[in-house]
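Let's take a friendly walk through this structure, one topic at a time. Keep the 3D view open as you read.

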Amino acid sequence: MHDKKIRKQLISIYRALFRAYGSQHWWPGETPFEILVGAVLTQNTSWTNVEKAIANLKQERVLTFPRMLNAAPGKLALLIRPSGYFNIKTKRLRNLLLFIRTNYADSLVRMFSTDPARLRQQLLEVNGIGQETADSILLYVGEKPFFVVDAYTKRIFSRLGLIADNADYRTVQRFFMNNLAKNVNFYNEYHALIVRIGKDHCKKVKPLCGDCPIHAKCRKHVTDSET
DNA sequence: GACCAGGCACATC
DNA sequence: GATGTGCATGGT
């Protein structure tokens, strides 16, 4: 196989991004619980809106496990309103917390001391927790080496010709995890850098590749696909 | 005023 | 199994 070439390419893309943007210091959040909540709130939502919601939660002092679960759902919904989908996200947050209460006695430490692969399966059974949210929780809260795949990841790496444009989540995740060392800090930074460049250069319709760090490859692929 | 954002579940074919 | 739709706020 040409695995070696692909690995080198993935590393060189990472290096180019890191040179351009430096460390992203992810996940933005002060406590594991804040990161956990942020993972749900940011579903299909810009982080600036999530920040407003989290600020509300902090101000009303409900950003702890017991207080959030004790809060009236209506009040919780009101506080997270700026992050959008506030009714469904209220349910999702409560589903997640109730899952942790039932299975791990309100303890994130206890939760992450179980087998990570098994925990991933459990998280996916919680209504409202899909693959990206589960992996974000595992990586950024639990510090388990799961590569997080998001819309930017698929967009960028399919444009680079490294994955199929219709590849499903697990396929893309395996692509990265089979070709990169399973290292938490590395996965953390790589995903954060992908989001960073995605915001600037990889809009849905027209990728803006003017000064993008992986510009040459990116432009080449875009040119190819438009001809 | 359209379009998009660090998804997910559910309905329908 | 693929494809479509509701969920909702705030920034560009």
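## The surface near DNA strand B

Helix 9 (131-141) and helix 12 (184-201) are elements that each provide at least two residues to the surface near DNA strand B. Please bear in mind throughout that this is a predicted model. Helix 9 makes the biggest contribution to this surface, with 4 residues.

In total, 25 residues surround DNA strand B, and those that come nearest are Gln43, Asn44, Gly130, Glu132 and Thr133. By residue type, the surface near DNA strand B splits into 12 polar, 8 nonpolar and 5 charged residues.

## The surface near DNA strand C

DNA strand C has 13 residues around it, with Pro82, Gly84, Tyr85, Asn87 and Ile88 as the closest. Two or more residues of this surface come from each of helix 3 (47-59) and helix 6 (86-104). Its residues sort into 7 polar, 4 nonpolar and 2 charged.

## Overall fold of chain A

Which kinds of secondary structure does chain A contain? The count is 13 helices and 0 strands, so reading from the N terminus you meet α-α-α-α-α-α-α-α-α-α-α-α-α.

Chain A has 227 residues, and buried residues make up 30% of them. Among the contacts in chain A with a separation of 6 or more, 61% are between residues 24 or more positions apart.

## Two domains and what lies between them

The domain assignment of chain A gives domain 1 as 3-25 + 148-226 and domain 2 as 32-141. Between the C-alpha centres of domain 1 and domain 2 there are 27 Å. Contact between the two involves 7 residues of domain 1 and 6 residues of domain 2. On the side of domain 1 that touches domain 2, helix 12 gives the most, with 3 residues. That side of domain 1 is made up of 5 nonpolar residues, 1 polar and 1 charged. Helix 12 is also one of the elements that supply at least two residues of the surface near DNA strand B.

The largest nonpolar core holds 48 residues, of which Ala53 and Ile137 touch the most other members. Why does this core lie between the domains? Domain 1 and domain 2 both give residues to the core, so it lies between them. Setting aside neighbours within four places in sequence, Ala53 is in contact with Leu41, Leu79, Ile80, Pro82 and Ser83. Pro82 is also among the residues closest to DNA strand C.

## Val37 in helix 2

Val37 is a residue of helix 2. Is Val37 buried or exposed? Val37 is buried, because 27 other C-beta atoms lie within 10 Å, and 20 or more are enough for a residue to count as buried.

If residues up to four places away in sequence are not counted, Val37 touches Leu63 and Leu93. Val37 and Ile54 are 17 residues apart along the chain, and their C-alpha atoms are separated by 8.4 Å.

## The two sides of helix 11

Helix 11 spans residues 169-179, and its buried residues include Val172, Phe175 and Phe176. These three cover an arc of only 85° around the axis, which puts them on the same side of helix 11.

Turn to the other side of helix 11 and you will find Arg170 and Asn178 exposed. Helix 10 (151-159) is part of what covers the buried residues of helix 11.

## Backbone details in the loops

Three spots in the loops deserve a look. A cis peptide bond joins Trp26 and Trp27, with omega about -5°. Trp27 sits in the loop between helix 1 (3-21) and helix 2 (32-41).

Ala105 is not a glycine, yet its phi is positive, at about 50°. You can find Ala105 in the loop between helix 6 and helix 7 (108-112). Ala105 counts as exposed because it has 9 C-beta neighbours inside 10 Å. Glu143, likewise a residue other than glycine, has a positive phi near 55°. The loop between helix 9 and helix 10 is where Glu143 lies. Glu143 counts as partly exposed, with 14 C-beta neighbours inside 10 Å.

Terms used: Residues numbered from 1 in each chain as written. Chains lettered and ligands numbered in written order. Predicted model: local features only at pLDDT ≥ 70, side-chain atom pairs only at ≥ 80, totals over all residues. Near = placed C-beta within 6 Å. Nonpolar A, V, L, I, M, F, W, Y, C, P; charged D, E, K, R; others polar. Buried ≥ 20, exposed ≤ 12 C-beta atoms within 10 Å, placed from the backbone. Arc of directions from axis to C-beta. Domains from an automatic or database assignment. Core = buried A, V, L, I, M, F, W, Y, C linked by C-beta atoms within 7 Å.
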